[in-house]
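Hi,

Here is the structure I promised to pass on. Have a look at it first, and then read my notes underneath.

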Amino acid sequence: MKCRDLRPHLSALADGNLEAKWRSEVERHLGACDGCAAFYRQQVALNRLFQKEELLVEPPQHLWQGIQARLRHPSQPTWRERWVGHLPALQPLQLRYAAAALFVVLVLGVFLFFPSGERDVESAKLLAELEAYSLEVRGNPFLVERRPDQNPFFTFEQPLMENPFGGSGSGP
Amino acid sequence: MPDEISQSELREIVRSLQNGSEEAFLKLYQLYSKPIYNFIWRLIGSTEDAEDLTQDTFLKVYHEIRNLRDPGQFRFWLYRIARNEVYQKLRRAQKATEVSIDDEEVSYYSFLADNAHDLDPERLVLSGEINDIVARTLRLMSPKYRDVFVLAVFQKMSYEDITKVVGRSLLSVKTDIYRARLMVKEALNEYLKTRA
């Protein structure tokens, strides 16, 4: 067996978990291969290091009180737990796809429901009305009486501006 | 399993809890809170999260213990709950870091050449630095390597028992522990090089 194939068994041997069927072959290899023997020694040393009792952290005292408190007064779920918690968790890549799809749908929606041709016609009509109104006012600065339907900004009920020169007619 | 309790005693305690004994719940907490807290802490790397998730784990035990068919399986069930809590949390926070390790990766096999300059961790000062290195390396590992490594090395759990916790085959567990060991060893080698 090659070293590469044997190393997982060495790792298991260091953990005391090597199956009996591999033991003799692994031990024979260990006796003949310095590299694997060094690897094995390192794994055993790593285990000794990481299994030192002082590396184990004591859970804080308040943990048990916290558990008891939550048993006595189970908290209401937060809005996030209530709503988002039921949704499937999305990975970042899935979120990117979802965002891209949403963007495409929005763009398509704008162009499908608001065709640019119609919008241009509406704009042109409004501009023409404003232009006509503007010309009318400029042409007769003293008479602002107009047909109400020509003035998009005034209502029918709005009183006409008085003529400062008196009379009511068609200007000076 | 904690040394001070036999399998039959554990079954009794679990049955008592299934019958509603608060005392049994406290006993189980006293027996397993430390290993579970450390297991979670190693997986998630944050003491605050470890505290929350340890609480969540034991609360889930309390609420669902009646559904446990075989009290003899309690320990594996407990670790599985803890592991699931951790990965749910990681998924929620979108912190899960998947580092794919392909068998054909050059760095992987170049490490196998074992040019290590006699790493002897026993001679290293047992300091926070090593803990930090291991914590960083664990965070970089794929979860499937991380949990089996923590169970085997830090929790001294047998490979057979690990298969029951993670629900994978013995061969898969064995291979993943070995790969995780390589990553940790490589990180420690780098640390030694920078110290030299």
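Below is what turned up, going from chain A to the cavity and then to chain B.

A word on the ground rules: this is a predicted model, where local features need pLDDT of at least 70, side-chain atom pairs count only at pLDDT 80 or more, and totals for chains, interfaces and linings use all residues. Residues are numbered from 1 along each chain as its sequence is written, chains are lettered from A and ligands numbered from 1 in the order in which they are written, and side-chain values use heavy atoms, with hydrogens and water left out.

Chain A first. You'll find 7 helices and 0 strands there (DSSP runs numbered from the N terminus, with at least four residues of H or I for a helix and at least two of E for a strand). Of its 172 residues, 24% are buried (buried is under 20% relative accessible area, exposed over 50%, partly exposed in between, with a 1.4 Å probe and protein chains only).

Now look at helix H6 (residues 92-113) of chain A, where Val110(A) sits. With 44% relative accessibility, Val110(A) counts as partly exposed. Val110(A) also belongs to a nonpolar surface patch, whose members include Phe103(A), Val107(A) and Phe113(A) and which has about 870 Å² of accessible area together. (Such a patch takes Val, Leu, Ile, Met, Phe, Trp or Tyr with over 30% relative accessible area and no salt bridge, side chains joined within 5 Å; a salt bridge is a Lys or Arg side-chain nitrogen within 4 Å of a carboxyl oxygen of Asp or Glu. Areas are Shrake-Rupley, 1.4 Å probe.)

Next, the cavity. The count is 1 cavity of 30 Å³ or more, and the largest holds about 60 Å³ of space. Its lining draws on both chains, including Phe50(A), Leu55(A), Arg42(B) and Phe154(B). (A cavity is a set of points on a 1 Å grid where a 1.4 Å probe fits but cannot get out; lining residues have an atom within 4 Å of a point.)

Finally, chain B. Helix H8 (residues 159-166) has 6 of its 8 residues buried, among them Tyr159(B), Ile162(B) and Val166(B). The cover includes helix H1 (3-14) of chain A, plus H4, H7 and H9 of chain B. Gly167(B) follows H8(B) and has a positive phi, near 70°. In the loop between H7 and H8 lies Lys156(B), with a positive phi near 55° although it is not glycine. Lys156(B) is exposed, at 54% relative accessible area.

Cheers

Conventions
Patches are made of residues with over 30% relative accessible area and no salt bridge: like charges are joined within 9 Å, nonpolar side chains (Val, Leu, Ile, Met, Phe, Trp, Tyr) within 5 Å. On a 1 Å grid over the protein atoms alone, a cavity is a set of points where a 1.4 Å probe fits but cannot get out, and a pocket is an open set with protein on both sides within 12 Å along at least five of seven lines; lining residues have an atom within 4 Å of a point. Grid points are joined across faces, edges and corners, and a volume is the space filled by probe spheres set on the points. Contact means heavy atoms within 4.5 Å.
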